[in-house]
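This report describes the fold of two chains and the contact between them. The sequence and coordinates come before the discussion.

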Amino acid sequence: MKIGDTAPDFSLPDTNGERHGRDGVTVVVFTCNHCPYALAWHDRIAQAARDYANVRFLAVNPNDAERYPRDSLEAMRERVAREDWPMPYLRDESQEVARAFGARTTPDVFVFDAEGRLRYRGAPDADHRSEAENAAWLREALDAVLAGEQPARPETEPVGCSVKWKR
Amino acid sequence: MRIELLWWEGCPSTDEALDGLTRVLREERVEAEVELVEVVGDEQARAERFPGSPTIRIDGEDAVPAEAGEPVSLTCRVYRLRDGRISPTPDPEDLREAVRRAT
């Protein structure tokens, strides 16, 4: 996807089977259970979801669970039960949504405005090692979108583990 | 001392791991070359007992041993830093201890 493109239509099940899709200003984060980058950034993204309660946050796990069992639906359920998740954790079993978005890594962050146009894509912030970064790029993009403006930094390089495509 | 850094292209952590390892070796005044070993497929991952990228071995021993039951696969390895944070690379102090054990 390119900045300004319209979000692909999608509806994916969460760990309870309830389906979710884009609605209003929406953040879609491709993520997973087994990747250290996704895990290192998770708390910062989750805190952003709590802080921007008027924004829909969707975490999507697209990885091939056959080769990476830690990303199975069951493992996702266990994780959600064990942790405090402020957003639904969706399973993209067919990987069609990840392909439609052009997701490359976990994490890979997409921010859409209320009309469904892509306004930010990339990493949550500049450094997976520094909690002080606090998902600054994601927050900066959301602040701009909620103010009806174009983010000053619409695109950054996504950093993380490659999406585990099925063979 | 034989030092290997096993890596897989699906993880962007190789350079960071190599930098950290090189720094520790320099600080410990160990003059040993780091042998970079690319793991390219599942078969090689099984043969190498590769728990993920990056894996650093000193004289054949994992510098930061994986937990028991850790699967071998083409994956990015999850390390825990000494302050509790999750990291794609090992804590430098864990590497330092491993280097000291081997010298």
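Which residues of helix α3 (residues 92-102) of chain B are buried? They are Leu95(B), Ala98(B) and Val99(B). Because these residues cover an arc of only 100° around the axis, they lie on the same side of α3(B); the arc is that of the directions from the helix axis to the C-beta atoms. On the other side of α3(B), Glu93(B), Arg100(B) and Arg101(B) are exposed. A residue counts as buried if 20 or more other C-beta atoms lie within 10 Å of its own, as exposed if 12 or fewer do, and as partly exposed in between, with C-beta atoms placed from the backbone. The cover over the buried residues of α3(B) includes α1 (14-27) and β3 of chain B.

The model is predicted: local features need pLDDT of at least 70, and side-chain atom pairs count only at pLDDT 80 or more, while totals for chains, interfaces and linings use all residues. Residues are numbered from 1 along each chain as its sequence is written, and chains are lettered from A and ligands numbered from 1 in the order in which they are written.

**Chain A overall**

Chain A has 4 helices and 9 strands. Helices (H or I, at least four residues) and strands (E, at least two) are DSSP runs, numbered from the N terminus. Along the sequence, the elements of chain A follow the pattern β-β-β-α-β-α-β-α-β-β-β-α-β. The radius of gyration of chain A is 14 Å, close to the 15 Å that the globule rule gives for 167 residues, so chain A is as compact as a globular protein of that length. That radius is taken over C-alpha atoms, and the rule is 2.2 Å times the number of residues to the power 0.38. Along the principal axes, the C-alpha atoms of chain A fill a box of roughly 40 × 35 × 25 Å.

Of the 167 residues in chain A, 46% are buried. Among contacts in chain A between residues at least 6 apart in sequence, 76% join residues at least 24 apart; two residues are in contact if their C-beta atoms, placed from the backbone, lie within 7 Å.

**Core and central strands of chain A**

The largest nonpolar core has 66 residues, and Val29(A), Val60(A), Val111(A) and Leu138(A) touch the most other members. Such a core is a set of buried Ala, Val, Leu, Ile, Met, Phe, Trp, Tyr and Cys residues joined through C-beta atoms within 7 Å. α1(A) gives the most to this core, with 8 residues. Leaving aside neighbours within four places in sequence, Leu138(A) is in contact with Val27(A), Ile45(A), Ala48(A), Val109(A), Val111(A), Pro124(A) and Asp125(A).

Strand β7 (residues 108-112) of chain A is largely enclosed by the rest of the structure, because 5 of its 5 residues are buried. Asp108(A), Phe110(A) and Phe112(A) point one way from β7(A), and Val109(A) and Val111(A) point the other way. β7(A) and β8(A) form a hairpin with 5 residues between them, and Gly116(A) in the turn has a positive phi of about 90°.

**Strand pairs in both chains**

Two strands pair if DSSP finds at least two bridges between them. The table lists antiparallel pairs with one pair of opposed residues each.

| Strands | Bridges | Opposed residues |
|---|---|---|
| β3 (residues 26-30) and β7 of chain A | 5 bridges | Val29(A) and Val109(A) |
| β7 and β8 (residues 118-122) of chain A | 4 bridges | Phe112(A) and Leu118(A) |
| β1 (residues 3-7) and β3 (residues 55-58) of chain B | 4 bridges | Leu5(B) and Ile56(B) |
| β3 and β4 (residues 61-62) of chain B | 2 bridges | Arg57(B) and Asp62(B) |

In chain B, β3(B) and β4(B) form a hairpin with 2 residues between them, and Asp59(B) in the turn has a positive phi of about 50°.

**Contact between the chains**

12 residues of chain A are in contact with 13 residues of chain B. On the side of chain A that touches chain B, α1 (36-51) and β9 (161-162) each supply at least two residues. The largest share of that side, 4 residues, comes from α1(A). By class, this side of chain A has 8 nonpolar, 2 polar and 2 charged residues. Ala, Val, Leu, Ile, Met, Phe, Trp, Tyr, Cys and Pro count as nonpolar, Asp, Glu, Lys and Arg as charged, and the others, Gly among them, as polar.
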